[in-house]
Amino acid sequence: MDVKASMAALQATGAVVAKPGAAAPDAAQSAAQEFEAMFLTQMVDEMLKQVEMGKFGGGPDAEQWRYFLAEAFGKEIAAQGGAGIARSVEGALRAYGVGAGEARG
């Protein structure tokens, strides 16, 4: 497909082309959910440090495994509605104009 045909296809479908410096419409929501997942990962990791892992072996390998487990829990909790942190962060981001279609700089 040549360039002219590609441009015609974009125009016909009404595809939106990203503008440099413009935030995605859902930027605030996705950033807030990522922040909540990160926070929950840290919280779950700290909780797992207190749990006896049995004969898992301990050491650096166990610490790495524990973090991956905590990260999976954190992401899943955030995806299922989380602890309400994402809603607060998203509201704050939208108040500053992030994700509202305008870039701040």
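Q: With which side chain does the side chain of Arg 66 make a polar contact?
A: In this predicted model, the side chain of Arg 66 makes a polar contact with the side chain of Asp 45, at a distance of 3.0 Å. A polar contact is a pair of N or O atoms within 3.5 Å, and the pair formed by Asp 45 and Arg 66, at 3.0 Å, is listed as one.

Q: What else do the side chains of Asp 45 and Arg 66 meet in?
A: The general idea is that a salt bridge pairs a side-chain nitrogen of Lys or Arg with a carboxyl oxygen of Asp or Glu, the two atoms lying within 4 Å. In this structure the side chains of Asp 45 and Arg 66 meet in a salt bridge, with 3.0 Å from N to O. This pair links distant parts of the chain, since Asp 45 belongs to helix H2 and Arg 66 to helix H3, which covers residues 59–79, and the two are 21 residues apart.

Q: Are Asp 45 and Arg 66 buried or exposed?
A: To read burial, one looks at the relative accessible area of a residue, and a value under 20% counts as buried. Asp 45 has a relative accessible area of 7% and is therefore buried, and Arg 66, with a relative accessible area of 14%, is buried as well.

Q: Which residues does each partner touch, once its neighbours in sequence are set aside?
A: Leaving aside residues within four places in sequence, Asp 45 is in contact with Arg 66, Tyr 67 and Ala 70. On the other side of the pair, and with residues up to four places away again not counted, Arg 66 touches Asp 45, Leu 48 and Lys 49. A distance between C-alpha atoms offers another way to read the place of Arg 66: Arg 66 and Val 44 are 22 residues apart in sequence, and their C-alpha atoms are 9.5 Å apart in space.

Q: How many salt bridges does the structure hold, and which pair has both of its residues in helix H2?
A: The structure holds four salt bridges. One of them joins the side chains of Lys 49 and Glu 46, with 2.9 Å from N to O, and both of these residues lie in helix H2, three residues apart, which is about one turn of the helix. Lys 49 has a relative accessibility of 41% and so counts as partly exposed, and Glu 46 counts as partly exposed with a value of 41%.

Q: Which residue forms a salt bridge with Lys 75?
A: Glu 71 forms a salt bridge with Lys 75, and the closest N and O atoms of the pair are 3.9 Å apart. Because Glu 71 and Lys 75 are four residues apart in helix H3, about one helical turn separates them. Glu 71 has a relative accessible area of 24%, and is therefore partly exposed.

Q: What is the nearest side chain of opposite charge to Glu 36, and how far away is it?
A: Glu 36 is buried yet has no salt bridge, for the nearest side chain of opposite charge is Arg 87, at 6.7 Å. Glu 36 has its place in helix H2, which spans residues 27–49. A polar atom of the side chain of Glu 36 lies 2.6 Å from the backbone nitrogen of Ala 83. When residues up to four places away in sequence are not counted, Glu 36 touches several residues, among them Ala 78, Gly 82, Ala 83 and Ile 85.

Q: Which residues make the nonpolar surface patch?
A: A nonpolar patch is read by looking for nonpolar side chains that lie together on the surface, and here Phe 35, Met 38, Phe 39, Met 43 and Met 47 make one of about 490 Å². Met 38, as one member of this patch, lies in helix H2, and with a relative accessibility of 47% Met 38 counts as partly exposed.

Q: What does the chain as a whole look like in terms of helices and strands?
A: The secondary structure of the chain comes to four helices and zero strands, and read along the sequence the pattern is α-α-α-α. Of the 105 residues of the chain, 18% count as buried. The chain exposes about 7,700 Å², and carbon and sulfur atoms supply 60% of this area. Among contacts between residues at least 6 apart in sequence, 81% join residues at least 24 apart.

Methods:
Residues numbered from 1 in each chain as written. Predicted model: local features only at pLDDT ≥ 70, side-chain atom pairs only at ≥ 80, totals over all residues. Heavy atoms only, no water. Buried < 20%, exposed > 50% of the residue type's maximum accessible area, 1.4 Å probe, protein only. Lys, Arg positive; Asp, Glu negative; His and termini not counted. Polar contact = N/O pair within 3.5 Å; in protein donor to acceptor, adjacent residues only side chain to side chain. Contact = heavy atoms within 4.5 Å. Areas by Shrake-Rupley, 256 points an atom, 1.4 Å probe, with all protein chains shown as cover. Patch = residues over 30% accessible without salt bridge, like charges linked within 9 Å, V, L, I, M, F, W, Y side chains within 5 Å.
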